[in-house]
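Q: I am new to this structure. Please take me through one part of it closely, then show me how its surroundings are built.

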Amino acid sequence: MNVLTAGSSNFLVNYIKNPKFHVHTKSTDPVHNMKKYALLFIFLGFQTAYSQKSATEIINDFVNATGGSASYDSLQNYTIRRTFRANAPTDFDEEVIVVPATQSMSRRKTLMQRDFFYVVHLTSGWLRIPTGSRDKVATFSVKDLSEKESGAMRQEILDGLWPFLDATKKGYTLQLGSSPATIRGQVCTPLILSQNGQSKQYFFGNQDGLLHREILEEEGQTVTWDHLEYRSTAKGFSYPVRSTVISTRDRRLTQVNTSVLVNTTIPASTFTR
């Protein structure tokens with residue numbers, strides 16, 4: 001089935017407005033003119049219907065585009081590894097391990113060859129800070145995370161791979177945005193998730209159903225992610241593997257490469273204080 005695109009929209013509008021735009025000569029036949037306007041109304045009706053998808057339909061399109069709902073089932077644990085590169089001293093690596101059943105999450109940030117661990121497990125939360133010189137066996141000092149820090153990590157566990165999946169069960173208000181954006185040539189419809197005065201915007205492609213951009217409010221700054229490439233995981237769902245991120249704090253465009261592991265064996269020491 002052929003799908004009308006923005007290019008065909010321009011053709012139809014010109015076809016109606018400009019008799020010289022097409023090969024036929026101008027017609028004074030009322031039946032011919034009625035056919036032209038009927039064609040335009042049919043097209044505009046198609047555009048309107050297509051753009052009025054509900055938030056649920058847009059999310060369902062995303063799930064189908066990334067592998068289908070079955071590929072997201074039985075998710076026992078997952079590991080997301082990322083490299084952040086901006087050719088700056090602040091470049092770092094990150095590994096996030098999540099086990100939803102035990103409310104456990106470990107975030108390891110590697111900066112200048114030193115590992116910092118932020119961990120929540122059951123009802124506890126702690127931070128492991130490297131001490132001593134880098135050329136010796138790593139030792140750590142440990143301190144409790146604040147309630148705010150632990151709470152933010154527990155919300156990440158609840159959010160899962162994508163906050164907009166079952167958003168209302170996670171405590172979010174979900175609504176359609178009013179201003180579509182064109183991202184790398186594709187018109188994208190925004191969804192807005194709101195919670196505790198903060199919002200997250202997600203822009204989904206009208207053609208491919210994929211998530212192309214995230215705009216997040218974090219600690220007084222705006223962080224924008226653009227996802228450039230998806231790749232299938234062993235579980236069957238696709239996830240962004242190449243992205244860029246920029247924040248209003250440092251305004252430095254950072255290249256992000258991502259890999260995802262699903263349902264692997266997690267060492268017990270990961271959540272040992």
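In which strand is Ser243 found? Please start there and work outwards.

A: This is a predicted model. Ser243 is found in strand β13, which spans residues 238-247. Its relative accessible area is 1%. Buried means under 20%, so Ser243 counts as buried.

Now look at what surrounds Ser243. Leaving aside neighbours within four places in sequence, Ser243 is in contact with Trp225, Asp226, His227 and Leu228, and also with Thr254, Gln255 and Val256. With His227 there is a polar contact: the two side chains are joined at 2.8 Å. Arg213 sits 30 residues from Ser243 along the chain, and their C-alpha atoms are separated by 9.4 Å.

His227 leads on to Trp162. Not counting residues up to four places away in sequence, Trp162 touches His227, Phe62, Tyr72, Lys170, Leu211, Glu214, Tyr239 and Pro240. Trp162 also belongs to the largest nonpolar core, which has 40 residues. Trp162 is among the members that touch the most others, along with Phe62, Tyr72, Leu161, Phe164, Phe204 and Leu211. Helix α3 gives this core its largest share, five residues. Another core lies apart from it. That one has seven residues, among them Val99, Phe117, Ile266 and Phe271.

Next, take α3 itself. Its buried residues are Ala55, Ile58, Ile59, Phe62 and Val63. They cover an arc of only 140° around the axis, so they lie on the same side of α3. On the other side, Thr56 and Asn64 are exposed. What covers the buried residues includes β7 (173-176), β9 (186-195), β10 (198-205), β11 (211-218) and β12 (221-232). After α3 comes Gly67, with a positive phi near 130°.

Further along is Asn77. Asn77 is found in the loop between α3 (55-65) and β1 (78-85). Is Asn77 buried or exposed? At 7% relative accessibility, Asn77 counts as buried. Its side chain reaches the backbone oxygen of Thr264 at 3.0 Å. Beyond its neighbours within four places in sequence, Asn77 is in contact with Val98, Val99 and Pro100. Asn77 is also in contact with Leu261, Val262, Asn263, Thr264 and Ile266. Two of these names have come up before: Val99 and Ile266 are among the residues of the seven-residue core.

How values were computed: Residues are numbered from 1 along each chain as its sequence is written. This is a predicted model: local features need pLDDT of at least 70, side-chain atom pairs count only at pLDDT 80 or more; totals for chains, interfaces and linings use all residues. Side-chain values use heavy atoms; hydrogens and water are left out. Helices (H or I, at least four residues) and strands (E, at least two) are DSSP runs, numbered from the N terminus. Buried means under 20% relative accessible area, exposed over 50%, partly exposed in between (1.4 Å probe, protein chains only). A polar contact is a pair of N or O atoms within 3.5 Å; within protein, one must be able to donate a hydrogen and the other to accept it, and residues adjacent in sequence count only if both atoms are side-chain atoms. Contact means heavy atoms within 4.5 Å. The arc is that of the directions from the helix axis to the C-beta atoms. A nonpolar core is a set of buried Ala, Val, Leu, Ile, Met, Phe, Trp, Tyr and Cys residues joined through side-chain atoms within 4.5 Å.
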